[in-house]
Amino acid sequence: MTKRTINLLWTGGLDSTCRVAELSLHDVIVQPYYIIDKKRSSTKYELRAISRITDMVRRKDTTKCDLRDVIIVDIESIPPMEDISAASLKLSKKYHIGTQYEWLARFARQKGLTMELGLQKSPRGKSYNAIIGESTLIEDDSDGIIQLRIDKEKSSKEISLVFGDMLFPMPMFDMEKPEEVAEMRKMGLDDLIPETWFCHRPVFGLPCGYCSPCDDALNEDMAYRVPMSGRVLGAIRRITYDPFRKIIKKAQHK
């Protein structure tokens with residue numbers, strides 16, 4: 001009998017790593033993908049996290065899955081798709097979702113893949129709020145692995161174009177980050193957590209305390225993940241830079 005293959009986006013962060021940990025307990029093939037943007041200063045840290053966690057999962061006595069090597073996709077190799085880009089832009093203006101979802105949607109269509117996206121519940125989660133606000137989700141329970149997918153006929157055109165080829169794992173989609181940590185502890189896989197990476201703009205190899213993921217950590221009961229150096233630097237940048245950013249935004253909207 002052919003094993004089921006689950007394709008997923010893995011960034012080396014807590015959400016996607018939590019899903020890898022959960023899937024490691026199932027007899028499936030896990031094929032992770034990483035879309036590389038060479039302009040991102042966090043790339044080497046994310047890939048290092050993926051490499052370390054892959055080795056750790058493979059050595060676990062509890063691991064049942066076949067965790068494949070991550071497939072690295074150069075963002076420049078993904079062809080443009082005007083309908084997806086237009087839909088992503090519209091959602092970005094309304095919900096401020098990140099550009100990575102456009103890349104992923106174009107890649108999924110290019111390769112004909114249905115991919116898991118490790119989204120978790122968060123009132124600060126821009127993509128989560130967009131999906132909740134403009135879609136109807138259908139639950140699929142196969143082999144004890146529960147996933148949600150977009151009902152394209154009952155969801156907005158933009159959501160269907162950007163997230164229509166994505167699957168959202170349960171129960172993660174209904175969990176906040178502290179609950180993910182608790183779940184990984186329950187699975188006995190919490191030693192993977194310190195190896196994850198989340199900061200977009202590291203300073204001297206440490207989380208900056210200012211970028212969006214660092215801000216989320218500081219505001220979602222995960223402040224311990226940001227070192228004191230990052231908290232101090234982040235606070236300084238908020239005091240010195242944020243007022244000018246607000247002035248610039250106001251000028252742009254006049």
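Biologist: In this predicted model, which residues is Leu233 in contact with, leaving aside its neighbours within four places in sequence?

Modeller: Leu233 is in contact with Val203 and Cys208 once those neighbours are set aside. Contact here means heavy atoms within 4.5 Å.

Biologist: What separates the C-alpha atoms of Leu233 and Tyr210?

Modeller: A distance of 7.6 Å separates them, and the two residues are 23 residues apart along the chain.

Biologist: Where is Leu233 found, and why does Leu233 count as partly exposed?

Modeller: Leu233 is found in helix H9. Its relative accessibility is 37%. Buried means under 20% and exposed means over 50%, with partly exposed in between, so Leu233 at 37% counts as partly exposed.

Biologist: Why is Ile236 called partly exposed?

Modeller: Ile236 has its place in helix H9, residues 228–240. Its relative accessible area is 45%. Partly exposed lies between under 20% and over 50%, therefore Ile236 is partly exposed.

Biologist: What makes the nonpolar surface patch of about 360 Å²?

Modeller: Met228, Val232, Leu233 and Ile236 make the patch. Patch residues need over 30% relative accessible area; Leu233 has 37% and Ile236 has 45%.

Biologist: How do you know that H3 and H5 are roughly perpendicular to each other?

Modeller: The axes of helix H3 (residues 82–95) and helix H5 (residues 126–134) cross at roughly 105° and come within 10 Å. Angles of 65 to 115 degrees count as roughly perpendicular, so H3 and H5 are roughly perpendicular to each other.

Biologist: Which residues of H3 and H5 meet?

Modeller: From H3, Leu91, Lys94 and Tyr95 meet Lys126, Asn129, Ala130, Gly133 and Glu134 of H5.

Note on methods: Residues are numbered from 1 along each chain as its sequence is written. This is a predicted model: local features need pLDDT of at least 70, side-chain atom pairs count only at pLDDT 80 or more; totals for chains, interfaces and linings use all residues. Side-chain values use heavy atoms; hydrogens and water are left out. Patches are made of residues with over 30% relative accessible area and no salt bridge: like charges are joined within 9 Å, nonpolar side chains (Val, Leu, Ile, Met, Phe, Trp, Tyr) within 5 Å. Accessible areas come from the Shrake-Rupley method with a 1.4 Å probe; for residues, only the protein chains shown count as cover. A salt bridge is a side-chain nitrogen of Lys or Arg within 4 Å of a carboxyl oxygen of Asp or Glu. Helices (H or I, at least four residues) and strands (E, at least two) are DSSP runs, numbered from the N terminus. Buried means under 20% relative accessible area, exposed over 50%, partly exposed in between (1.4 Å probe, protein chains only). Axes are lines fitted to C-alpha atoms, for helices over the stretch in contact, and angles run from 0 to 180 degrees between N-to-C directions. Angles under 35 degrees count as roughly parallel, over 145 as roughly antiparallel, 65 to 115 as roughly perpendicular and the rest as oblique.
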